[in-house]
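Visitor: I should like to take a close look at a single part of this model, beginning with a pair of packed helices and continuing to the surroundings.

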Amino acid sequence: MAKKAPEMEEYKYGFRDEHKAVFQTGKGLTPEIVTEISRIKNEPEWMLEYRLKALKQFEKMPLPNWGGDLSELDFNDIQYYVRPSEKQGKTWEEVPAEIKETFDKLGIPEAEQKFLAGVSAQYESEVVYHNMQEDLEKQGVIFMDTDTALREHPEILREYFGTIIPPADNKFAALNSAVWSGGSFIYVPKGVKCEVPLQAYFRINSENMGQFERTLIIADEDSFVHYVEGCTAPIYSTNSLHSAVVEIIVKKNARVRYTTIQNWAPNIYNLVTKRAVAEENANMEWVDGNIGSKLTMKYPAVILKGRGAKGSVLSIAVAGKNQHQDAGAKMIHLAPDTTSTIVSKSISKHGGKVSYRGLASFGRQAEGAKSNIKCDTLILDNESTSDTIPYNEIMNDNVTLEHEATVSKVSEDQLFYLMSRGLTEAEATQMIVMGFIEPFTKELPMEYAVEMNRLIKFEMEGSIG
Amino acid sequence: MSTKFVIEELKAAIEGKEILKGINLEIKGGEIHAIMGPNGTGKSTLASALMGHPKYEVTDGSVTLDGEDLLEMAVDERARAGLFLAMQYPSEIAGVTNSDFLRSAMNARRGEGNEISLIKFIRQMESKMKELEMNPEFAHRYLNEGFSGGEKKRNEILQMMVLDPKIVVLDEIDSGLDIDALRIVAEGVNSMRSEERGFLVITHYQRLLNYIKPDFVHVMMQGRIVKSGGPELAERLEKDGYDWIKEELGIVDETVGQEQEA
């Protein structure tokens with residue numbers, strides 16, 4: 001069957017708007033630039049101080065000496081703040097036409113947007129549009145960009161901001177803390193269950209511009225929320241940095257699911273810190289898909305702090321030519337009867353490299369805790385590689401830890417079988433790959449599953465010689 | 001034009017070792033041919049080589065389907081040309097549902113622009129599954145994953161039924177089937193008999209041929225067809241075994257490339 005040429009498909013996401021930023025800082029990072037960012041945003045004094053302290057921390061911390069190759073990353077060649085327009089659109093009509101065009105090009109129909117619970121779309125460094133469904137408002141749910149939240153709910157921000165991931169956690173968390181912009185803030189009151197996922201689309205759209213969004217989610221006792229972020233980034237010729245921080249607090253009996261699909265351009269460093277704290281009987285679920293980028297280092301973590309807390313990470317990583325996905329998960333069991341599950345699916349092709357790096361930690365109090373880890377890798381050709389690097393820390397004798405890892409190639413017999421029913425080699429390979437990641441895609445909301453399948457199909461086009 | 005499938009002097013090797021040593025066979029639409037023979041005589045190699053399994057290298061001979069050179073075609077092209085192989089050991093594909101797979105296969109066979117509508121597909125699949133007494137739940141199970149031997153065989157027949165091939169090769173479709181499953185599978189095959197379609201039934205038990213009545217029976221030994229006849233040949237084999245043929249032909253060891261053959 002004839003297919004569109006892969007180059008064409010790749011280019012679908014390679015467009016760029018003639019988008020003029022209203023304000024942008026020059027390249028590089030100094031206390032002056034950090035002060036300027038804070039000033040433009042009219043931030044309270046404590047946030048400026050927080051940023052400046054984080055900057056000092058950033059400067060004194062070394063780059064990690066593990067994971068991926070960061071030697072080509074030049075912090076002085078990055079623009080740390082770009083503001084796309086004077087103000088945020090309050091309604092869809094107020095969103096600048098050019099930005100709407102971008103959404104159209106991304107194939108997000110307006111009707112679908114209206115259907116969504118609240119679309120908070122980060123465009124460049126700041127959220128330009130979000131609209132919250134009235135139902136959510138009535139329930140007392142707060143869903144807005146983090147900059148606005150800082151103005152409208154300073155007391156909540158001050159209480160929780162940086163408590164899960166302090167600037168000193170790692171160099172990139174420090175960087176984000178100094179220059180963060182945008183991201184989502186969600187507060188779900190006690191007992192409130194959000195039936196529809198809250199969603200944000202965002203993309204980087206300014207060459208050499210870092211994207212440092214900061215997301216904070218607080219799910220109060222007995223509540224539930226599913227937050228979804230998806231991303232398709234344009235293709236650029238020079239390196240670009242994305243370094244987000246996501247902090248989540250899941251209180252007693254609450255449940256949070258955080259779904260990400262990231263399809264970064266092949267020149268982007270995607271260095272993200274994501275961590276949640278789960279209190280008594282709380283349930284935190286990370287669903288994390290990483291496609292593209294030059295290097296991704298991302299290890300969603302759950303600190304299982306209260307008795308009976310549950311954590312899970314379900315992830316896929318796809319690495320192609322010149323790409324390294326160093327991804328994994330961390331589960332920190334600090335309380336009795338806590339359970340965690342990690343399912344990691346990795347695909348490497350065209351010389352790409354995938355590493356699973358994971359930590360399962362059981363503290364002294366973690367009596368009766370259980371962790372189940374399953375890492376599956378599918379390697380599509382002989383040039384591609386994979387690694388599995390699990391770390392275990394066990395301080396309590398009464399815990400259960402199961403770790404299972406498989407590495408497989410698309411088997412000759414499977415291909416033969418599918419092809420003997422008329423599927424081409426490309427279609428057969430694609431079917432096997434889609435089947436491999438099915439445990440992931442089936443957890444996605446419908447429209448994301450469709451997008452995910454489309455992305456994987458693009459990725460697989462031309463994978464066969 | 002009625003279907004015509006011609007195998008001439010087919011030779012094939014695995015890892016440099018010749019297994020098929022010159023097979024000649026002609027199957028016309030409407031005919032059922034059975035190939036019988038003890039284990040290790042090259043029967044399954046013939047099936048795999050016809051379909052184009054990459055492990056088998058065809059070293060000589062020709063295979064044509066309605067005048068088209070099959071050996072020039074890739075596996076999927078052979079399938080789209082109308083060849084179907086019901087496998088002895090079908091692969092399992094995790095994460096791909098049976099129905100998604102079936103629909104993709106059907107659409108591949110029908111060609112671009114001629115895809116079957118979802119509703120029509122579901123109706124067709126469900127009615128065929130009913131004929132094969134398959135639990136409807138199997139439509140949503142992953143392809144062959146966790147299927148019992150008998151379920152896999154039924155699933156092969158289901159694929160045959162919806163793909164509507166011109167030439168069907170059944171490779172030991174009876175192995176691992178209990179008597180009820182055997183009857184159901186055979187009924188499925190019989191329902192597909194037509195003037196347009198030819199069958200090649202590979203088996204080493206005569207019992208399958210009680211259900212699927214062959215027009216021609218061939219005995220394979222040492223990588224060749226050593227004896228051909230009508231249905232009476234199968235009956236004689238059932239009664240007397242293979243030794244009389246070996247004696248008649250002066251064959252001591254009927255197998256070929258034994259260490260490679262399952």
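How are helix 10 of chain A and helix 11 of chain A oriented to each other: roughly parallel, roughly perpendicular or oblique?

Guide: Please note at the outset that this model is predicted. In it, the axes of helix 10 (residues 412-419) of chain A and helix 11 (residues 425-436) of chain A cross at roughly 120 degrees and come within 9 Å. An angle between 115 and 145 degrees falls in the oblique class, and the two helices of chain A, helix 10 and helix 11, are therefore oblique to each other. The crossing in which helix 10 of chain A passes helix 11 of chain A is right-handed. From helix 10 of chain A, the contact involves Q414(A), L415(A), L418(A) and M419(A); these meet E425(A), A428(A), T429(A), M431(A) and I432(A) in helix 11 of chain A. By class, the residues of this contact comprise six nonpolar, two polar and one charged.

A second helix pair, in chain B, may be set beside this one. The axes of helix 5 of chain B and helix 6 (residues 179-191) of chain B are 10 Å apart, and the helices pack at an angle of about 10 degrees. That angle makes helix 5 of chain B roughly parallel to helix 6 of chain B. Helix 5 of chain B contributes G150(B), K153(B), R154(B), I157(B) and M161(B) to the contact, while helix 6 of chain B contributes A181(B), I184(B), V185(B), G188(B) and V189(B). Six of these residues are nonpolar, two are polar and two are charged.

Next comes the contact between the chains, to which chain B gives 22 residues and chain A gives 21 residues. On the side of chain B that touches chain A, helix 2 (75-81), helix 3 (98-110) and helix 5 (149-163) of chain B each supply at least two residues. That side of chain B has 13 nonpolar, five polar and four charged residues.

Finally, the interior. The largest nonpolar core has 193 residues, and V256(A) and A86(B) are among those with the most contacts inside it. Strand 13 (residues 268-278) of chain A gives the most to this core, namely seven residues. V256(A) lies in strand 12 (residues 255-264) of chain A and counts as buried because 27 C-beta neighbours lie inside 10 Å. Beyond four places in sequence, the contacts of V256(A) include I217(A), V250(A) and M284(A). For A86(B), contacts beyond four places in sequence include I157(B), M160(B) and V169(B).

Definitions and conventions. Residues are numbered from 1 along each chain as its sequence is written. Chains are lettered from A and ligands numbered from 1 in the order in which they are written. This is a predicted model: local features need pLDDT of at least 70, side-chain atom pairs count only at pLDDT 80 or more; totals for chains, interfaces and linings use all residues. Two residues are in contact if their C-beta atoms, placed from the backbone, lie within 7 Å. Helices (H or I, at least four residues) and strands (E, at least two) are DSSP runs, numbered from the N terminus. Ala, Val, Leu, Ile, Met, Phe, Trp, Tyr, Cys and Pro count as nonpolar, Asp, Glu, Lys and Arg as charged, and the others, Gly among them, as polar. A nonpolar core is a set of buried Ala, Val, Leu, Ile, Met, Phe, Trp, Tyr and Cys residues joined through C-beta atoms within 7 Å. A residue is buried if 20 or more other C-beta atoms lie within 10 Å of its own, exposed if 12 or fewer, and partly exposed in between; C-beta atoms are placed from the backbone. Axes are lines fitted to C-alpha atoms, for helices over the stretch in contact, and angles run from 0 to 180 degrees between N-to-C directions. Angles under 35 degrees count as roughly parallel, over 145 as roughly antiparallel, 65 to 115 as roughly perpendicular and the rest as oblique. A crossing is left-handed if the near helix is turned anticlockwise from the far one by less than a right angle, and right-handed if clockwise.
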